[in-house]
Amino acid sequence: MPPGSRTGPLRRGADAADRARVAEVLGVDVDERDAALVLDPRGLAFQRLEWQGDSALDAVVALHRWGAPACCRALAHEDLVSDAALAVTAQRAGLADVMDWRPDPPRLADAVETCVGAGWHVSPEAAVTVAGRLVHAEIAPEDVAGREGAADLADALRCDALAAPAHVGSAVMEASAADLLYGRDDLSREDEGELSRRRALLLDGERVLQVAEDSGWLPGCGLHPHHLLDHVQARVGLVAVVHGLTAGLREAGRLW
Ligand SMILES: [Zn+2]
Ligand SMILES: [Zn+2]
């Protein structure tokens, strides 16, 4: 069958053999519901998981790129996570070969994000395993653990050194907000557009700064909102770098 789209009823579930097929490619045994969405990437549930996986992948990649590892020196973040890049790496990893039907490249790229989201539901470490298989081979479990020697950075949240940790923190905050919204029962029928709208409200700078101020997170270095928001993001990013991704997500979760 040539690559394309497909109509007809959605796959209902995944049996043990289906899950094993998915696990073979992902490197992680994901739950039945998510495995079905990997095999038949269509419909609302697929779009929602893709939406969550997109945020999760950004956080995993941002943390991997901390400290500019040699494997990423010639690559921008976008070079790793663009649709075109994801379609190529997914093809190479054999993702399309285990699916129920052959998606075209854009859909295959979306399916990669779904795979990362499915791993994310197991654990952030499992999402890293999936991203290492399907996105960038150098992404490794160490990326999400606390970094060796990074504890020295804890005092380093200087006003002029916020950009790098804030980049990580921003991605971790988005992933944390996405987790919260994806998991809310009352939003379980909402599509990715509505989820994105809700996430923007959570991440709204004014709201975040109010919570940060109430939590005593803001330094007394000035009043410019952009700079203060950089401080908040850098704080979350640094927790993720020093103590690991799970700790960073927990820190971000205090903002909602
Ligand atoms: Zn890299
Ligand atoms: Zn400052």
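**Exercise 1. Work out the site of the zinc ion (ligand 2), starting from its sequence spacing.**

Step 1. The donor residues of the zinc ion (ligand 2) follow the pattern C-x61-C-x5-H-x3-H along the sequence. Before going on, note that this is a predicted model, in which local features need pLDDT of at least 70, side-chain atom pairs count only at pLDDT 80 or more, and totals for chains, interfaces and linings use all residues. Residues are numbered from 1 along each chain as written, chains are lettered from A and ligands numbered from 1 in the order written, and side-chain values use heavy atoms, without hydrogens and water.

Step 2. Put names to the pattern: Cys159 (SG), Cys221 (SG), His227 (NE2) and His231 (NE2) coordinate this ion at 2.0 to 2.2 Å. Donors here are N, O and S atoms within 2.8 Å of the metal (3.2 Å for Na, K and Ca); water is not among the atoms, so sites may look incomplete.

Step 3. Check the geometry. The angles among the four donor atoms run from 102 to 115°, and the site is tetrahedral (four donors with all angles between 85 and 135 degrees).

Step 4. Place the histidines. His227 and His231 sit four residues apart, about one turn, in helix 12 (residues 225-243); helices are DSSP runs of H or I, at least four residues, numbered from the N terminus.

**Exercise 2. Is His231 buried or exposed? Compare His227.**

Step 1. Recall the classes: buried is under 20% relative accessible area, exposed over 50%, and partly exposed in between (1.4 Å probe, protein chains only).

Step 2. His231 has a relative accessible area of 7%, so His231 is buried. His227, at 22%, is partly exposed.

**Exercise 3. Which residues coordinate the zinc ion (ligand 1)?**

Step 1. The donors are His64 (NE2), Cys71 (SG), Cys72 (SG) and His136 (NE2), at 2.1 to 2.3 Å. Their spacing reads H-x6-C-C-x63-H.

Step 2. This site is tetrahedral too, with angles of 98 to 130°.

Step 3. Now the cysteines: Cys71 is partly exposed at 27%, whereas Cys72 is buried at 5%.

**Exercise 4. Find the residues that touch the most other members of the largest nonpolar core.**

Step 1. Such a core joins buried Ala, Val, Leu, Ile, Met, Phe, Trp, Tyr and Cys residues through side-chain atoms within 4.5 Å.

Step 2. The core has 70 residues, and Leu26, Leu95 and Leu134 touch the most other members. Helix 3 (residues 43-64) gives the largest share, nine residues.

Methods: Four donors count as tetrahedral if all angles lie between 85 and 135 degrees; four count as square planar and six as octahedral if opposite donors are over 155 degrees apart and all others between 65 and 115; anything else is irregular. Helices (H or I, at least four residues) and strands (E, at least two) are DSSP runs, numbered from the N terminus.
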